[in-house]
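Here's a quick briefing to read alongside the model. Keep the viewer open and follow the residue numbers as you go.

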Amino acid sequence: MSVTVTRWWWIRHAPVVDDGGCFYGQMDMEAYTGDTAVYRSLAESLPQEAVWFCSHLRRTHQTVAAIGEAGYPLPDVEHRRDLAEQHFGDWQGTPRAPAYEKYGGFYGFWLSVLDTAPPNGESFRDLRNRIGGAVERLSAEHRGRDIVVVAHGGTIRAALVSALDLPSSRALSFTIANSSLTQLDRVEVPGEDTRWSVNLLNGFGVTGLR
């Protein structure tokens with residue numbers, strides 16, 4: 001029986017330099033990539049025969065560059081809008097504190113926008129559908145390969161709940177730190193439903209996974 005495994009390596013971008021206490025979503029923010037030990041660990045952990053993607057936002061590009069500067073032999077990296085963070089619409093660039101006060105802090109805020117989009121923005125359900133579609137397309141195009149994606153906290157949470165077929169509210173159960181590595185396998189067995197395996201969640205580079 002032939003089993004096909006497509007391995008997904010998700011990396012959250014480096015920390016944003018200064019968000020001013022505001023929602024930023026798809027705003028094009030600068031990232032701090034000075035923690036060279038973290039990127040050296042990632043460079044040593046990631047498979048070298050992989051296809052690479054990141055979002056169209058600068059902070060993911062800077063994170064990719066830091067991994068390359070730490071010793072990883074980067075291939076061409078495709079920038080994709082469908083891998084971007086949730087778009088917070090009119091809330092982007094506005095202070096988070098009033099929304100947290102209204103909805104009950106970070107978790108209350110997130111729960112309030114799971115199914116309701118901010119004005120001119122996306123709900124988490126929208127994000128989940130967008131990321132789930134992107135994962136399926138890229139898995140089909142690069143079946144059986146290692147796929148490395150440098151993306152965003154919301155993006156990776158959406159990928160996790162989609163892969164594991166969890167309610168969207170369970171996305172809040174996953175901690176996805178900046179510069180962390182999350183590794184999932186998409187396993188295809190003839191005659192069976194495709195299943196996913198989570199091998200690493202919110203790690204910081206672990207050799208032996210390749």
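A salt bridge here is a side-chain nitrogen of Lys or Arg within 4 Å of a carboxyl oxygen of Asp or Glu. By that yardstick, Glu 136 and Arg 186 pair up through their side chains, at 2.8 Å from N to O. Glu 136 sits in helix α5 (residues 124-141) and Arg 186 in strand β5 (residues 181-188), so this pair ties together parts that are 50 residues apart in sequence. Bear in mind that this is a predicted model.

**Salt bridges**

- Searching the whole structure turns up 13 salt bridges. In general, side chains of opposite charge can pair when their charged atoms come close.
- The two ends of the Glu 136 pair sit in unlike surroundings: Glu 136 is partly exposed, at 39% relative accessible area, whereas Arg 186 is buried, at 10%.
- Arg 58 makes a salt bridge with Asp 28, and their closest N and O atoms are 3.9 Å apart. Because Arg 58 belongs to helix α2 (residues 58-69) and Asp 28 to the loop between β1 (4-12) and α1 (36-45), the bridge ties together parts that are 30 residues apart in sequence.
- Both ends of that bridge are partly exposed: Arg 58 has a relative accessible area of 31%, and Asp 28 has one of 38%.
- Asp 82 and Arg 80 also meet in a salt bridge, at 2.8 Å from N to O. Here Asp 82 and Arg 80 are both buried.
- The Asp 82 and Arg 80 residues don't stand by themselves: Glu 78, Arg 80, Asp 82 and Arg 137 are linked in a network of salt bridges.

**Nonpolar cores**

- As background, nonpolar side chains tend to be buried together in soluble globular proteins.
- Which residues touch the most other members of the largest nonpolar core? Out of its 34 residues, they are Trp 8, Trp 10, Phe 109, Phe 124 and Val 149.
- Several elements feed this core, with at least two residues coming from each of β1, β2 (50-55), α4 (105-112), α5, β4 (146-151) and α6 (153-164).
- Val 149 is a handy residue to click on. Skipping its neighbours within four places in sequence, Val 149 is in contact with Trp 8, Trp 9, Trp 10, Ile 11, Phe 53 and Leu 83.
- There's also a second, separate core of 20 residues, with Ala 14, Tyr 39, Ile 67 and Tyr 72 among them.

**Helix α1 and its packing on α2**

- The buried residues of α1 include Val 38, Tyr 39, Ser 41, Leu 42, Ala 43 and Ser 45. Their cover includes β1, α2 and β5.
- How do α1 and α2 cross, and at roughly what angle? Their axes come within 8 Å and cross at roughly 75°. Angles of 65 to 115 degrees count as roughly perpendicular, and α1 and α2 therefore fall in that class.
- On the α1 side, Tyr 39, Leu 42 and Ala 43 meet Thr 63, Ala 66 and Ile 67 of α2.
- Sorted by class, the contact of α1 with α2 has 5 nonpolar residues, 1 polar residue and no charged ones.

**Helices α5 and α6**

- α5 and α6 pack with their axes 9 Å apart, at an angle of about 75°. These two helices, α5 and α6, are therefore roughly perpendicular to each other as well.
- From α5, the contact draws on Phe 124, Leu 127, Arg 128, Ile 131 and Gly 132. From α6 come Gly 154, Thr 155, Arg 157, Ala 158, Ala 159, Val 161 and Ser 162.
- By class, the residues of the contact of α5 with α6 split into 6 nonpolar, 4 polar and 2 charged.

**Backbone oddities**

- Asn 120 has a phi near 65°, which is positive although the residue is not glycine. You'll find Asn 120 in the loop between α4 and α5, and Asn 120 is exposed, with a relative accessible area of 65%.
- Asp 165 is another non-glycine residue with a positive phi, at about 55°. Asp 165 lies in the loop between α6 and β5. Is Asp 165 buried or exposed? Its relative accessibility is 66%, so Asp 165 counts as exposed.

Conventions:
Residues numbered from 1 in each chain as written. Predicted model: local features only at pLDDT ≥ 70, side-chain atom pairs only at ≥ 80, totals over all residues. Heavy atoms only, no water. Helix = DSSP H or I, 4+ residues; strand = E, 2+ residues; numbered from the N terminus. Buried < 20%, exposed > 50% of the residue type's maximum accessible area, 1.4 Å probe, protein only. Core = buried A, V, L, I, M, F, W, Y, C linked by side-chain atoms within 4.5 Å. Contact = heavy atoms within 4.5 Å. Axes fitted to C-alpha atoms, helices over the stretch in contact; angles between N-to-C directions. Parallel < 35°, antiparallel > 145°, perpendicular 65-115°, else oblique. Nonpolar A, V, L, I, M, F, W, Y, C, P; charged D, E, K, R; others polar.
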